[in-house]
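Colleague: I would like a close look at one part of this chain, set in the context of the whole. Could you take me through helix 11 and its surroundings, and then through whatever else in the backbone and side chains deserves attention?

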Amino acid sequence: MQPSKIKTLMIYQILDNFSDDEHPLSTTDLIDMLAQRGIKSERKSIYSDIKTLNSLGFDIMTAMTPKRGYFMANRKFELPEVMLLIDAVTSAGFITPKKTQILVEKLKTLVSDEQAKSMISQVYVDTNASKCDNEEIYIVINQLHEAIMKKKKVKFIYRRRSIDVKNKKRNTDKSFFVSPYALLWKNDHYYLACNNQKYDNLMNLRVDRIKKISIVSADARPISEVSSYKDEFDIADYSSKMFNMFSGEDAKITLRCSLKLQEEMLDRFGKSIPLTAADSSHFDTTVNAAISDGLVSWIMQYGSDIKVLDPPELIEMIKTKANDILNSY
């Protein structure tokens, strides 16, 4: 490559890495930084290179304050967007501490060097709390994605943590052979929605607990065989019905709620759910949800502010759970 072309590319790289609207680089700065990289340059050629880069679509602007110079105006990601991504990565329990640090370093390159320094000082990164230790996580996600796209079954080892009679923590490994349908990020965990070939329903498994995964030649079961979905899996609908990712039979649930829970119900089930006044301090609503222990626990956290009116099956589950709690004291 001709030296002049290398210089133009190097100027772009320097501006991309080290400039922003608060940290413009003067012509002298660019000449000095190019010299540090073994490239000689003059003021006139710098002007020409900037003009060339702008003609190619790179938005390089001239700043007058805090000093006169050039900076990269538009980037693929704005500073707040990168901060949100870093927050998501650091809070994701299924990403190991090691991979968290690597991802954060990569995300920092999406903004200028000075922006990255100021941003990291504002973001608390706790790489120890609630982080998994499964370094196979990228391989697992990639294999699951491929299997879902190709509609193939997968087999893997699923690890659960437990405590034995001697109060020692240990892991229990179990082999699974499943049809995978979707990956869902919910409740700060990554889940695989799938079908265990032994049953005719859907189950949810934590992705960070999957090890030694492989795709097999057998075709995945059609989603219509194991759920109410006919042609394809509606991930958004499925996720909205899950509570604490417990699977169960879908049903219409009628709840009587305290008026103070209006916003919470709308946030949880969507703005389109019906709200009907029951009396001066309560309203009724009917929603679709999967009847499960997760739903029971979710309802009971509100105490007397939520009462189940229908179906009878769920009412009995609530009563049984309440009696079990009472009898434990």
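Modeller: The secondary structure of the protein chain, which here is a predicted model, comes to 12 helices and 11 strands. The C-alpha trace spans about 80 × 55 × 50 Å along its principal axes, and the radius of gyration is 28 Å, whereas a compact globule of 329 residues would have a value near 20 Å. Of the 329 residues, 40% count as buried, and among the contacts with a separation of 6 or more, 62% are made by residues 24 or more positions apart.

Turning to the part you asked about, helix 11 covers residues 293–300, and within this helix G294, L295, V296, W298 and I299 are buried. The cover over these buried residues includes strand 8 (249–258) and helix 10 (262–269), together with strand 10 (282–291), strand 11 (306–310) and helix 12 (312–327). As background to reading such a list of positions, an α-helix has 3.6 residues a turn, so residues three or four places apart point the same way. At the N-terminal end of helix 11, S292 acts as a cap, with a side-chain oxygen placed 3.3 Å from the backbone nitrogen of G294, and G294 is itself one of the buried residues of the helix.

Two of the elements that cover helix 11, strand 11 and helix 12, are joined by a loop that holds P311. The peptide bond between D310 and P311 is cis, with omega about 10 degrees. A cis bond is also found from T65 to P66, where omega is near -5 degrees, and P66 likewise sits in a loop, in this case between strand 1 (60–63) and strand 2 (69–72).

The backbone deserves a careful look at two lysines as well. K151 has a positive phi, near 60 degrees, although the residue is not a glycine, and K151 is found in the loop between helix 7 (137–150) and strand 3 (152–163). With a relative accessible area of 61%, K151 is exposed. K212 also has a positive phi, near 50 degrees, and is again a residue other than glycine, but K212 has its place in strand 7 (residues 210–219). The relative accessibility of K212 is 66%, so K212 counts as exposed.

A buried polar side chain offers a contrast to these lysines. N195 lies in strand 5 (residues 189–196) and, because its relative accessibility is 0%, counts as buried. The side chain of N195 makes a polar contact with the side chain of R221, at 3.3 Å. Once neighbours within four places in sequence are set aside, the residues in contact with N195 are F177, V178, S179, Y181, D200, N201, R221 and V226, so that R221 appears both in this list and as the polar partner.

Finally, there is a helix pair to consider. The axes of helix 2 (residues 27–36) and helix 3 (residues 43–55) come within 10 Å and cross at roughly 100 degrees, and the two helices are therefore roughly perpendicular to each other. On the side of helix 2 the contact is made by T27, T28, L30, I31 and L34, while helix 3 contributes R43, I46 and Y47. By character, the residues of this contact divide into five nonpolar, two polar and one charged.

Conventions
Residues numbered from 1 in each chain as written. Predicted model: local features only at pLDDT ≥ 70, side-chain atom pairs only at ≥ 80, totals over all residues. Heavy atoms only, no water. Axes fitted to C-alpha atoms, helices over the stretch in contact; angles between N-to-C directions. Helix = DSSP H or I, 4+ residues; strand = E, 2+ residues; numbered from the N terminus. Parallel < 35°, antiparallel > 145°, perpendicular 65-115°, else oblique. Contact = heavy atoms within 4.5 Å. Nonpolar A, V, L, I, M, F, W, Y, C, P; charged D, E, K, R; others polar. Buried < 20%, exposed > 50% of the residue type's maximum accessible area, 1.4 Å probe, protein only. Polar contact = N/O pair within 3.5 Å; in protein donor to acceptor, adjacent residues only side chain to side chain. Rg over C-alpha atoms; globule rule 2.2 N^0.38 Å.
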